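Welcome, and thanks for opening the viewer. Keep the selection tool at hand, and we will walk through this model one stop at a time.

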Amino acid sequence: MNLRTPLSQVKGLGAAKEGVSHWWMQRLTSIALVPLVLWLGFGLASLSGADYATFTEWVRSPMVAVLLILTIVVSFHHGQMGLQVIVEDYVPNEPVRAAAIILVKLAAVLFSVIGVYAVLKIALGAG
Amino acid sequence: MSSTDNRPTSPHVQVYRLPLTAVLSIAFRAAGAFLALGLLLLIWLLVAAASGPDYYQVVHSMAASWFGQLVLFGFTFALYYHLCNGVRHLYWDMGYGFEKESVAKSVWVVLAVSVGLTVVTWLVAYIV
């Protein structure tokens with residue numbers, strides 16, 4: 001016996017009304033992060049010991065600035081989803097769990113905006 | 001003693017020696033949580049560079065100290081391990097590699113590639 005309406009079945013979004021979107025976004029962001037992380041890892045390694053002028057000149061390159069912003073935004077999105085799953089799995093107390101998830105999500109937005117702003121300031125600044 | 005006492009129990013995690021696949025499965029999650037902190041370090045570096053040469057120099061010398069290098073080395077390995085095991089998960093998501101033998105084999109592939117990437121990255125940092 002199935003008590004769900006035909007409409008709810010065909011939409012396939014389940015009780016949380018978002019279907020597999022959390023799962024899917026984790027996968028989508030992880031695919032995007034494979035090239036981005038390899039680029040950033042080797043990019044920063046080649047800049048080891050770089051002075052201020054060398055580092056900011058690197059950030060000022062349009063391709064680097066765009067890839068840095070992409071990496072920041074996508075990794076914070078990926079990270080907050082992962083931390084949410086960890087909180088959901090290990091924090092049984094409902095209010096604490098809700099507070100932790102809210103904190104993780106707001107902090108992710110805050111720090112990604114700070115990071116994007118820093119890149120833009122270097123890339124577009126007069127320096 | 002009731003007759004149900006002889007039933008097999010699931011492994012008791014405190015006395016059961018976890019197989020490598022299980023250890024690295026939880027390490028995948030731990031590395032992910034650890035990398036969230038690493039992301040904050042990246043933002044710190046960018047903010048330092050955006051705020052001018054003086055503060056950039058402060059962060060730079062912290063990163064260049066032996067302790068800074070040790071921390072960065074840890075983050076490098078955690079990053080590449082999480083990346084490689086993530087690719088392994090994507091492969092599983094496509095429905096491949098679920099057999100016991102291939103899971104046991106892919107653990108070693110993941111470890112080898114992440115150690116390799118870490119070594120190459122640090123060679124680039126110190127030699128190139």
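Start by selecting B:Gly86, which sits in helix H3 of chain B, residues 66-93. (Helices, DSSP runs of H or I with at least four residues, and strands, runs of E with at least two, are numbered from the N terminus.) Before going on, note that this is a predicted model, where local features need pLDDT of at least 70, side-chain atom pairs count only at pLDDT 80 or more, and totals for chains, interfaces and linings use all residues. Residues are numbered from 1 along each chain as its sequence is written, while chains are lettered from A and ligands numbered from 1 in the order in which they are written.

Is B:Gly86 buried or exposed? B:Gly86 counts as buried because 22 C-beta neighbours lie inside 10 Å. (Buried means 20 or more other C-beta atoms within 10 Å of a residue's own, exposed means 12 or fewer, and partly exposed is in between, with C-beta atoms placed from the backbone.) Now add B:Trp44 to the selection: 42 residues separate B:Trp44 from B:Gly86 along the chain, and their C-alpha atoms are 26 Å apart.

Next, select the whole of chain B. You will find four helices and zero strands, in the order α-α-α-α along the sequence. Turn the chain along its principal axes, and its C-alpha atoms fill a box of roughly 75 × 35 × 25 Å. The radius of gyration of chain B is 21 Å, whereas a compact globule of 128 residues would have one near 14 Å. (This radius is taken over C-alpha atoms, and the globule rule is 2.2 Å times the number of residues to the power 0.38.) Of the 128 residues in chain B, 23% are buried.

Now show chain A too. Here 28 residues of chain B are in contact with 28 residues of chain A. (Contact means that two C-beta atoms, placed from the backbone, lie within 7 Å.) On chain B, helix H1 (20-51), helix H2 (53-64), H3 and helix H4 (100-126) each supply at least two residues of the side touching chain A. H1(B) gives the largest share, twelve residues.

For the last stop, select H4(B). Which of its residues are buried? They are B:Val110, B:Ser114, B:Leu117, B:Thr121 and B:Ala125. These buried residues pack against helix H2 (21-46) of chain A together with H3 of chain B.
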